[in-house]
Each structure stands twice: as structure tokens, then as C-alpha cells.
Amino acid sequence: MMAMPAGIELSVEKLSFPYAFWKRVLDLVVASILLIVFMPLLLLIALLVRVTSRGPIIYMCRRVGKGGRTFRFVKFRTMYTDADSRLAELLQCNEKDGPIFKMKNDPRITPIGRILRRTSLDELPQLLNVVRGSMSLVGPRPPLPREVELYDNFAARRLSVKPGMTCYWQISGRSNLSFEEWMQLDNKYIEEMGFWTDLKILVKTVPAILRAEGAY
């Protein structure tokens, strides 16, 4: 479990048994079906990542989940292998506020990585996180530990529920939103979360991915 910044109170939302049960059923069924259906696409993407740049096919890093527990987060690699070491030299080019780092034309991203990010296909391996139970289909995106170190109590509330692959942020503009707007949307989800809310977000995620608004 990650140590929270001084003064941060971290709580865990207690879900009702019916909702928690059916949410997990939805996660397992949908994630398993999508992994099977997309298997040919997953293999094709893996091949493209392998032949277009040096490095592993899958990028793994530590993310912070429910209750401040960390877990191994997976996605297709979209950056060159020296991306983490080059972050410090690019911090002055950060285009976002708050503790997050975003650049529309980040030079660390590979050509195939730009396509994968634009189409959100780089996120498909996270279906494995969903099956394993470290993530849900719907929930706030899991942050990096260095981001959590700069959280206040309002932002830290997003750690009170299991992180997900999609949420209100994904269907509302993604990286086009400010950090404050992002946190407001995550808190909105926590206040409204329920089985039908999750279904609504999942349905709206498909056209949001096709629009690719704020995806970079």
C-alpha cells in the first residue's frame, strides 16, 4: 500500500452487496468476451509494436488503486524505451495543470504509439487487469504514485473505489479537460455509481473512442 501525503485522509467506499456482486460479474463476463473477440487484433498490435521499435511489447508500471494499494498496470508500449528517463527534460513543456503530465506532441511516443493512443487500442491489455480484479471496466483511471504524492483530499477521494478502464472523464473530453474538471468528474462518478450508471458509461464509451476527443 502506498503511503499517503501528510494530511490526506483516505477512505474506502462500501458498495452494497447486490451492486458489488453484479459489477464484478459484468467485469468478468465482458472483459473475458472482449479478450476472446479481440485476440486477433491483440496479436496484430503486438506484432506492430515489436517490429516498429525496440523494447517490450507490453509496458508495465505501478499504479495506485483502491485504498491506496498499488498494482501492476499493463498496456501496449506506445513510447520509446528511454521515455521515463526523458521525462525530467520535458516537464517544462507540460500542457496540463495539476500533478499530471501531458503533451500533444510528446517526442517520446513512437509512430505506432500515436495511432494506438488515438484509437485507445493501447488500453486493451488492461482487460487482464479487470479479469484479475485490480481494475474494473468502469471507475476512475488509476494514477501514478508520483501523482498521488501531490493529491489533496478532494483528488484522493478517487482512490476510495476500484479504478477502471473508462469513466465520466473518458466520455467527456479526456485530456482536453483540466485536472480540476477531471477530479470533479471522478467525484461525480463516486456519488452516482451504480449498475445502471456503469452501463450508461460503457455504452457512451464506444462513440467517445470513435471521436477520439482528447486522446493523446
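Trainee: Are Asp106 and Arg108 buried or exposed?

Mentor: Good place to start, and note that this is a predicted model, where local features need pLDDT of at least 70, side-chain atom pairs count only at pLDDT 80 or more, and totals for chains, interfaces and linings use all residues. Residues are numbered from 1 along each chain as its sequence is written, and side-chain values use heavy atoms, leaving out hydrogens and water. Buried means under 20% relative accessible area, exposed over 50%, and partly exposed in between (1.4 Å probe, protein chains only). By that rule, Asp106 and Arg108 are both buried.

Trainee: How far apart, N to O, are the side chains of Asp106 and Arg108 in their salt bridge?

Mentor: A salt bridge needs a side-chain nitrogen of Lys or Arg within 4 Å of a carboxyl oxygen of Asp or Glu. The structure holds 10 of them. For Asp106 and Arg108, the N to O distance is 2.8 Å.

Trainee: Which residue forms a salt bridge with Arg158?

Mentor: Arg158 is buried, at 3% relative accessible area. Its partner is also buried, with 0% relative accessibility. The two side chains meet at 2.7 Å, N to O, and the partner is Asp186.

Trainee: How many disulfides are there?

Mentor: A disulfide is a pair of cysteine sulfur atoms within 2.5 Å. Cys61 is in no disulfide, since the nearest cysteine sulfur, that of Cys167, is 19 Å away. Cys61 is buried at 12% relative accessible area, and Cys167 is buried at 0%. The count comes to zero.
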